[in-house]
Amino acid sequence: MLREKRADEIKAILAKYPPDRKRSAVMPLLYLAQEEYGYCSPEAMREVAEILNLDPTEVKSIVGFYTMFFEHPVGKYVIDVCDDLPCALRGADKFVTHCERKLGVRAGQTTPDGKFTLRTVMCIAACDRAPVIQVNRVYHYDMTEASFDQLVDALAREDGAEHVNPREE
Amino acid sequence: MGGYYGSKNKTMEQHVLLRDVDVPNIREIDVYLAHDGYAAWKKALSSMKPEEVIAVVKDSGLRGRGGAGFPTGVKWSFIPKDVFPRYVVVNGDESEAGTFKDHQIIDGNPHQLIEGILLTCYAVQANVAYVYLRGEFYEPARTLQKAIDEAYARGFIGKNVLGSGFNVDIYIHLGAGAYICGEETALLSSLEGQLGQPRLRPPFPAVQGLYAKPTVINNVETLANVPPIVLHGAQWYRQFGTEKSPGTKIFCVSGRVKRPGNYELPLGKYTIRELIEMAGGTIDDRPVKGVLPAGSSAPILPASALDTKLDYESLQAAGSILGSASFVILDDTVNIVWAARKMVRFFKHESCGKCTPCREGTYWGLRLYDKILSGYGTREDIDMIAEVASQMSGKCFCLLGEFATSPMLSTIKHFRDEYEAFVAAHQGGRRNGYDDELIREGVIDEAGNLIIGYVGQKTAHHL
Ligand SMILES: Cc1cc2nc3c(=O)[nH]c(=O)nc-3n(C[C@H](O)[C@H](O)[C@H](O)COP(=O)(O)O)c2cc1C
Ligand code: SF4
Ligand code: FES
């Protein structure tokens with residue numbers, strides 16, 4: 001149960017908003033629930049609804065509205081590749097095709113071992129560093145086919161690879 | 001902790017906003033403090049009335065950097081007297097394709113943003129500010145939160161700030177992937193825990209915004225301008241820019257150039273051509289085909305407009321807008337039909353679905369582009385696209401629907417011959433270089449057949 005396991009975080013989230021405006025906490029709580037359950041499962045949504053005194057169907061419609069809440073189970077690593085126009089002008093489409101081949105799935109699918117979900121996304125505000133991806137919301141800039149393979153292999157081995165070529169100051 | 005994001009293009013002796021280019025590690029509070037950090041905040045709290053802060057921002061002529069270019073000080077003065085509490089909401093949704101300036105400010109110079117938020121809170125006497133960041137800014141949000149925590153620890157935020165009696169709190173709120181939440185009323189709905197859909201205006205947020213209370217909403221870059229204005233004064237600020245477009249602006253340059261990145265420049269000083277030169281020129285020095293001055297949302301400008309000056313008035317006179325100044329550069333290798341389809345796909349994806357003209361128009365617009373790009377288009381389909389866009393124009397509930405018409409109408413206007421040549425060269429579903437994308441998106445099957453059964457349908461009647 002979210003309420004017991006993440007009690008402190010829930011309290012901290014609720015404290016950000018006026019006491020009579022708890023509903024504002026629905027998105028941060030959904031992130032929390034998603035972290036706990038891997039996706040916005042029916043239980044997760046029900047728990048969030050309970051905490052905020054909302055109807056579960058309302059929570060469900062909010063989950064459905066945004067691309068970053070998952071209504072269905074996803075891979076352990078969600079890889080978002082931007083193929084919007086500015087990135088596509090710098091080779092993003094070809095790069096996505098490579099990602100699909102490397103992972104053996106189409107964009108929008110999860111690998112059979114449940115490890116990776118590949119998605120294409122609209123602009124993620126890093127167009128000067130294309131091709132650019134996010135793995136569980138962590139940016140990886142200036143990707144190449146080789147650095148993608150390296151990253152995926154490292155994640156598959158679970159050696160904690162977090163960043164590929166972040167730009168340092 | 002979030003990594004540092006940002007380009008290091010030195011375009012000014014001393015940058016006003018991208019100070020991370022000049023000062024290494026200015027994201028850290030001690031470095032920021034050693035470079036005039038929080039000096040404007042101390043000055044305001046110790047020697048200025050809230051109205052005086054509003055006055056200096058008004059005099060500076062600062063205009064909103066989120067797209068509309070509305071004068072910031074004027075907006076602040078719309079807050080009704082005697083209605084409390086008030087809120088300051090910071091727009092960090094930054095989702096316009098080609099825009100990545102707020103990203104660099106947050107990662108590279110977060111304290112200047114925080115100081116700008118604090119000054120804004122003081123100016124309009126708000127005790128709480130929410131910073132709405134797009135959900136993908138998970139890492140920048142951590143950088144900003146760390147900076148906020150540092151500022152609390154030094155007494156710049158919190159109760160009775162610096163002994164002034166003023167209380168202020170700043171909270172970050174993460175979105176979750178929806179371009180429409182950058183539109184200010186949709187942003188407020190999202191922040192309130194409702195669906196992120198636009199609301200009717202009036203009432204404007206200044207009168208009834210967050211929780212139906214008076215609310216100032218400004219873009220990240222807008223607020224980063226405020227500390228130097230308060231510290232050095234309106235005249236100092238006006239040394240940059242033009243009479244009507246004062247100050248400096250961050251230009252995001254992306255697409256077919258050698259050195260894409262952020263370039264901070266005085267408004268009105270340089271031309272689009274010079275901006276492209278600063279970005280290293282085009283890849284392989286190809287001729288420029290067109291420029292999108294505000295990502296997907298503004299009409300494309302053809303190469304003949306390259307000598308347009310970079311300010312609000314000049315770009316408008318040239319037939320486009322400055323908007324968020326996200327310059328996407330297309331060279332002559334770019335297929336305009338493909339590029340337009342990418343933009344229409346963006347709007348189809350991001351339409352919030354609240355009103356019919358936008359929801360249906362972007363859907364059918366994309367379908368027509370799918371048909372053309374996959375090699376099944378006709379000349380009539382080109383007209384049909386223009387027809388779909390014209391039917392949307394002026395009928396949509398918010399500006400997103402209006403924005404969506406501009407890639408369709410402006411590319412057909414300037415490049416109709418290319419559309420026709422493409423249609424003629426790809427008759428009968430001839431395989432072309434776009435197969436992978438079109439298969440991925442479910443437009444054609446592996447054999448190149450159109451999957452969606454609308455070939456030849458006169459779709460615009462569904463609007
Ligand atoms: C569809 C749409 C998307 C928008 N996206 C953003 C955005 O991502 N960031 C932003 O600051 N303003 C965005 N705006 C503009 C805001 O509605 C609003 O004008 C702005 O936040 C005001 O701040 P400013 O005066 O400082 O520019 C968008 C507007 C529309 C119609
Ligand atoms: S114009 Fe589009 S984005 Fe705006 S309210 Fe209508 S459907 Fe939603
Ligand atoms: S288009 Fe890919 S990050 Fe902007």
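So, the nonpolar core: in this predicted model, the largest one has 174 residues, and B:W41 and B:W76 touch the most other members. Take B:W76. Leaving aside neighbours within four places in sequence, B:W76 is in contact with residues including B:V53, B:I54, B:V57, B:T120 and B:A123. Further along chain B, the contacts of B:W76 also include B:V216, B:N218, B:L223 and B:V226. Apart from that core there's another one, of 23 residues, with B:F251, B:L267, B:L306 and B:I329 among them.

Okay, on to the charges. Side chains of opposite charge can pair when their charged atoms come close. Over all chains, the count here is 43 salt bridges.

Let me start with A:D93 and B:K342, whose side chains meet at 2.8 Å, N to O. A:D93 sits in helix α7 of chain A and B:K342 in helix α14 of chain B, so this pair joins two chains. Buried or exposed, A:D93? Buried, at 9% relative accessible area. B:K342 is buried too, at 0%.

Now another pair that crosses between chains: A:R106 and B:E446, at 3.1 Å, N to O. A:R106 is in the loop between α7 and β2 of chain A, while B:E446 is in the segment after α18 of chain B. Here A:R106 is partly exposed at 30%, and B:E446 is exposed at 55%.

Within chain B, look at B:E221 in helix α9 and B:K101 in helix α5, 120 residues apart. Their side chains form a salt bridge at 2.9 Å, N to O. B:E221 is buried at 0%, and B:K101 is buried at 1%.

Last one: there's a salt-bridge network linking A:D83, B:R341, B:R345, B:R367, B:D370 and B:E441.

Technical notes
Residues numbered from 1 in each chain as written. Chains lettered and ligands numbered in written order. Predicted model: local features only at pLDDT ≥ 70, side-chain atom pairs only at ≥ 80, totals over all residues. Heavy atoms only, no water. Core = buried A, V, L, I, M, F, W, Y, C linked by side-chain atoms within 4.5 Å. Buried < 20%, exposed > 50% of the residue type's maximum accessible area, 1.4 Å probe, protein only. Contact = heavy atoms within 4.5 Å. Salt bridge = Lys/Arg side-chain N within 4 Å of Asp/Glu carboxyl O. Helix = DSSP H or I, 4+ residues; strand = E, 2+ residues; numbered from the N terminus.
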